[in-house]
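Subject: the structure you asked for

Hi,

Here is the structure, ready to open in your viewer. Have a look at it first, and then read on for what turned up.

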Amino acid sequence: MPELPELNPVIHGKLRLALLSLLSGVEEAEFTWLRAKTGSTDGNLGAQLLKLEEAGYVAVEKKFVQRKPQTLYRMTEPGRQALTDYVQALKLLLGAAIDA
Amino acid sequence: MGNIEEQDLKDRLSLIESMIAEGRRTTESWGWTFLLWGVAYYIAIGWSAFGRPAIAWPVTMIAGGVLTGVIGSRIAGRNPETTTGRAMAAIWIGMGISLFILMICLGITGRLELHTAVAIVGAMLGGANATSSIILKWKMQFACAVVWWAAMVAAVFTSDNLAGIIFLVAIFFCQILFGIYGMIAESRRNKVRAGEQGAFHA
């Protein structure tokens, strides 16, 4: 019987998982859009995005648009790979649970 | 499987699926552009009929382009950029620039006449509407493409007066009515989506 995979703890948090999944469907997204889609608070969202950034899963760009500050997040290639691996691990674990 | 619950894993899988779908959902609004350009065409037609035809079209089209850019950038600032959004912008910007350059050149050389103008506009707008409708899977927009193609064919075979009337009717259906319909549909869609939003915690 093959060894069951470990779930990546950086992605496993529900909000971080939701954020990575959201970012996988767009090229880049603004902080306020992510906040609206997840219904999270500014503080919590900022903290979770920082964890993803520190892991190298998202990249941040700060700029001014029409003199207003804008923080844009986009998923990096390691982030995309990590999410793919996480989904594979989930499927393996679920398969093992069904078999048991 | 340790202490990880099967249901929790299933929930996470469905969370991933729903968030990916949410991110890919097109949130862009296009209805206003159809309405704006419909009004712009009518202004240009009216201005050329009763004023100065040499400057009516170029000035109105440039003003329409600037307005579209300004309003579009304000709306886009709130939404993330998606591949679909960029594809839509590429189609319409490309078509708009081609049409503008061609019409200016035909106007300068004096080779622009009503039959040709309506046929060219019908062909270009028909093509752009058809391409957009296929990408967005929007049947109503494909109906607009069909109307523009019909206008294109009709303009070639009818008199000058009738070609002008066909152009006005096509603008009314494919720009004004379709624009209003699009804005109402987008507003309804956004209300439904706003009601679907939930909160996630770390």
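A quick definition before the counting starts: helices and strands here are DSSP runs, with at least four residues for a helix and at least two for a strand, numbered from the N terminus. Please also keep in mind that this is a predicted model.

Chain A first. By that definition chain A has 5 helices and 3 strands, and along the sequence they come in the pattern α-α-β-α-α-β-β-α. Its C-alpha atoms fit a box of roughly 60 × 25 × 20 Å along the principal axes. Of its 100 residues, 30% count as buried. If you look at the contacts in chain A with a separation of 6 or more, 58% are between residues 24 or more positions apart.

The strands of chain A make an open, antiparallel sheet of 3 strands in the order E1-E3-E2. E1 (29–30) and E2 (58–65) are the edge strands, each pairing on one side only. Between E2(A) and E3(A) there are 8 bridges, in the antiparallel sense. One to click on is A:Val65, whose bridge partner in E3(A) is A:Lys68.

Now for helix H2 of chain A, residues 14–24. It lies across E1, E2 and E3 of chain A, at about 90° to E3(A). Why is H2(A) described as largely enclosed by the rest of the structure? Because 9 of its 11 residues are buried, a label that takes 20 or more other C-beta atoms within 10 Å. Those buried residues include A:Leu15, A:Ala18 and A:Leu19, but also A:Arg16 and A:Ser21.

H2(A) also matters for the largest nonpolar core, which has 25 residues. The members that touch the most others are A:Leu19, A:Leu20, A:Leu22, A:Leu23 and A:Val58. Elements giving two or more residues to this core are H2, H4 (42–54), E3 (68–75) and H5 (77–99) of chain A, together with H1 (6–24) of chain B. H2(A) gives the largest share, 7 residues. For a single residue to follow, try A:Leu22: beyond its neighbours within four places in sequence, it is in contact with A:Ala29, A:Leu34 and A:Lys37, and across in chain B with B:Met19, B:Glu22 and B:Gly23. There is also a second, separate core of 24 residues, with B:Ala40, B:Cys144, B:Trp148 and B:Cys174 among them.

Two of those residues, B:Cys144 and B:Trp148, are also among the buried residues of H6(B), as are B:Gln141, B:Ala145, B:Val147, B:Ala151, B:Met152 and B:Ala155. They cover an arc of only 160° around the axis, so they sit on the same side of H6(B). B:Lys139 and B:Phe157 are exposed on the other side. The length of the helix checks out too: at 1.5 Å a residue, 19 residues should span 27 Å, and the end C-alpha atoms are 28 Å apart, which agrees.

Last stop, the loop between H5 (114–136) and H6 (139–157) of chain B, where you will find B:Lys137. B:Lys137 has a positive phi of about 55° although it is not a glycine. Is B:Lys137 buried or exposed? It counts as exposed, because it has 8 C-beta neighbours inside 10 Å. From B:Lys137 to B:Ala117 is 20 residues in sequence and 29 Å in space, C-alpha to C-alpha.

Cheers

Conventions. Residues numbered from 1 in each chain as written. Chains lettered and ligands numbered in written order. Predicted model: local features only at pLDDT ≥ 70, side-chain atom pairs only at ≥ 80, totals over all residues. Buried ≥ 20, exposed ≤ 12 C-beta atoms within 10 Å, placed from the backbone. Contact = placed C-beta atoms within 7 Å. Core = buried A, V, L, I, M, F, W, Y, C linked by C-beta atoms within 7 Å. Expected span 1.5 Å × (residues − 1). Arc of directions from axis to C-beta. Pairing = 2+ DSSP bridges. Axes fitted to C-alpha atoms, helices over the stretch in contact; angles between N-to-C directions.
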